[in-house]
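Please open the model in your viewer and keep the sequence panel beside it. The tour below moves from one selection to the next, with a short account of what is there at each stop.

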Amino acid sequence: MFKKVLIANRGEIALRVICACKELGVRTVAVYSEADRNSLHVRFADEAVCIGPAKSALSYLDIPSVISAAEITNVDAIHPGYGFLSENADFAEVCELSNIRFIGPRPEVTRLMGVKDKARTAMAAAGVPVLAGSDGVLKSPEEAEKMAGQIGYPVILKASAGGGGRGMRIVREPAELAGLFAQAQQEAGAAFSSPDVYLEKYVEAPRHIEFQVLADQYGNVEVFPERECSIQRRHQKLGEESPSPKVTAELRARVAASLREALHAVGYTNAGTVEFLMDENGELYFIEVNARIQVEHPVTEFITGVDLVKGQILAASGARMDEILSGPVRIHGHAIECRINAENPETFAPSPGRITALNIPGGMGVRVDTAAYSDCVIPPYYDSLVAKLITHGRDRAEAIARMHRALEMFVVEGISTSIPLHQQIMADPDFQAGNFDTNFISRFLAARETASKR
Ligand code: ADP
């Protein structure tokens, strides 16, 4: 086992990794920007190193600064959390060259998964169902038009290097294609410094279903029960749950078997998530792999009892899957997560600032992952996630009832948060009936607007 791990992240996920390390008896090193001097991850780590100014390009994303901090403090491994450098294969490579274990997949696997059209081809080759689409990057609008004609409209143009829902364009008819192709290329180029786009069939009103995986270094791949993440705004997840109300045991087992084989074939190690879309016939189609721990991992932990972050650290240190899991993975009850963001619940405008009063809910079946405390400042420089509220129940109805009361008891003063929005979602009859897809939030917001005008 490692003696000391550096956490190349901030906020709730840095704290989450510190918790796992403490339980494993591993010492921790926090890195922080000047804006995060008073953060809890700095306070609870055994050591802390300031790596630069508030701007993440000059601190959390600055590879030489992070590596220097790791070398000064003599760590054995780096946990990248999510976001920042977590899916940067060059960073993983620099870690290995510096004799520091990167807690994540091997650089070449991360690189393959990061190019979404290539990941798609690799998964299809290993027998995982993918949507009809282009064979790699599209060279011209003419090629895109020909391909779209073969597949049939609507289609979606997606950035090869994409993430966070950017660089995507839905194309409903041939006349729109050339214009949207140029837009997608431009957005992709600006956001990911690669204008490459590919195309796949657009699924109307899909459900977003994903599978957590964890692989050791000996070819053993565990596929966990699915999470459903259809509660999204502008392709960004707001809430997640597990298991999905729509996935049957038969489908779960079928996908798990194909993923075990496919991930073994690409040499996958450590944690990751394989994302799918479910069409109206209830079939699942691969869309992408996130080669890191995800924000929504706690719902899986709640229903399986497996600590996934400890699993990542153990796997990276060379433990075998049977030692990591200690028994078969089973589903116990139901878990739901609400992402509590510092934002206006009506306009979604960011709402950074000082939290003047805070009450964090607790009690049976409630988990809160946060780095917030009363009188802390939510800086404007990073993402707006302030806390993750996760509830567990014997069934979905109990998890929802718990979420209801936990949201009511979650008090954050001084900034606006998405708590009121989540309360409205929990009270929605369609949500309660498990009757939703990725367009739920846009329908929901439109209905809310109409109601407020009456
Ligand atoms: P990103 O890497 O930017 O998150 P994804 O490929 O994971 O992009 O897609 C994000 C979201 O966009 C999905 O959850 C879904 O809502 C929507 N989406 C992506 N591909 C399709 C598709 N082929 N059809 C319909 N919706 C899609």
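Two strands are taken as paired if DSSP finds at least two bridges between them. With that criterion in mind, and remembering that this is a predicted model, begin with the open sheet of five strands, whose order is β3-β2-β1-β4-β5 and whose pairing is parallel. Colour β3 (47-52) and β5 (101-102), which stand at the edges; each has a single partner strand, so one side of each is left without a neighbour in the sheet. Then select β4 (residues 77-79), which pairs with β5 in the parallel sense over two bridges, and show Ile78, which stands opposite Phe102 of β5.

**The domains**

Next, colour the protein chain by its three divisions: domain 1 (4-103), domain 2 (132-201) and domain 3 (207-452). If you place a marker at the centre of domain 1 and another at the centre of domain 2, taken over C-alpha atoms, 36 Å separate them.

**The ligand**

Now select the ligand and the residues around it. Domain 2 (132-201) and domain 3 (207-452) both give residues to this shell, so the ligand lies between them. The shell holds 23 residues, of which Lys158, Gly165, Lys201, His208 and Glu288 come nearest to the ligand. Coloured by class, the shell divides into eight nonpolar, eight polar and seven charged residues.

Zoom in on the individual polar contacts, and begin with Glu288, where a polar side-chain atom lies 2.5 Å from an oxygen atom of the ligand. At Val203 it is a polar backbone atom that lies 2.9 Å from a nitrogen atom of the ligand, while at Glu200 an N or O atom in the side chain is 3.1 Å from a ligand nitrogen atom. Taken alone, the ligand exposes 550 Å², and the protein buries 95% of that. To see which elements line this site, highlight β6 (155-159), β8 (197-201), β13 (270-278) and β14 (284-290), the elements that give two or more residues to the shell.

**Strand β9 and its partners**

Move on to strand β9 (residues 207-215), and show its side chains. Are these residues buried or exposed? Nine of the nine are buried, so the strand is largely enclosed by the rest of the structure. Arg207, Ile209, Phe211, Val213 and Ala215 point one way from β9, whereas His208, Glu210, Gln212 and Leu214 point the other way, and all are buried.

Bring up the partners of β9 in turn. Nine bridges join β9 to β13, and the two run antiparallel; here Arg207 stands opposite Met278 of β13. Strand β11 (residues 227-233) also runs antiparallel to β9, joined to it by two bridges, and the bridge partner of Glu210 in β11 is Arg227. Three bridges join β9 to strand β10 (residues 221-223), again in the antiparallel sense, with Val213 opposite Val223 of β10. Follow the chain from β9 into β10 to find a hairpin with five residues between the strands, and pause in the turn at Gly219, which has a positive phi of about 90°.

**A last stop at Thr417**

Finally, select Thr417, placed in the loop between β21 (411-413) and α14 (419-427). With a relative accessibility of 8%, where buried means under 20%, Thr417 counts as buried. Its side chain reaches the backbone nitrogen of Ile419 at 3.2 Å.

Definitions and conventions:
Residues are numbered from 1 along each chain as its sequence is written. This is a predicted model: local features need pLDDT of at least 70, side-chain atom pairs count only at pLDDT 80 or more; totals for chains, interfaces and linings use all residues. Side-chain values use heavy atoms; hydrogens and water are left out. A residue is near a molecule or strand if one of its heavy atoms lies within 4 Å of it. A polar contact is a pair of N or O atoms within 3.5 Å; within protein, one must be able to donate a hydrogen and the other to accept it, and residues adjacent in sequence count only if both atoms are side-chain atoms. Accessible areas come from the Shrake-Rupley method with a 1.4 Å probe; for residues, only the protein chains shown count as cover. Helices (H or I, at least four residues) and strands (E, at least two) are DSSP runs, numbered from the N terminus. Ala, Val, Leu, Ile, Met, Phe, Trp, Tyr, Cys and Pro count as nonpolar, Asp, Glu, Lys and Arg as charged, and the others, Gly among them, as polar. Domain bounds come from an automatic or database domain assignment. Buried means under 20% relative accessible area, exposed over 50%, partly exposed in between (1.4 Å probe, protein chains only).
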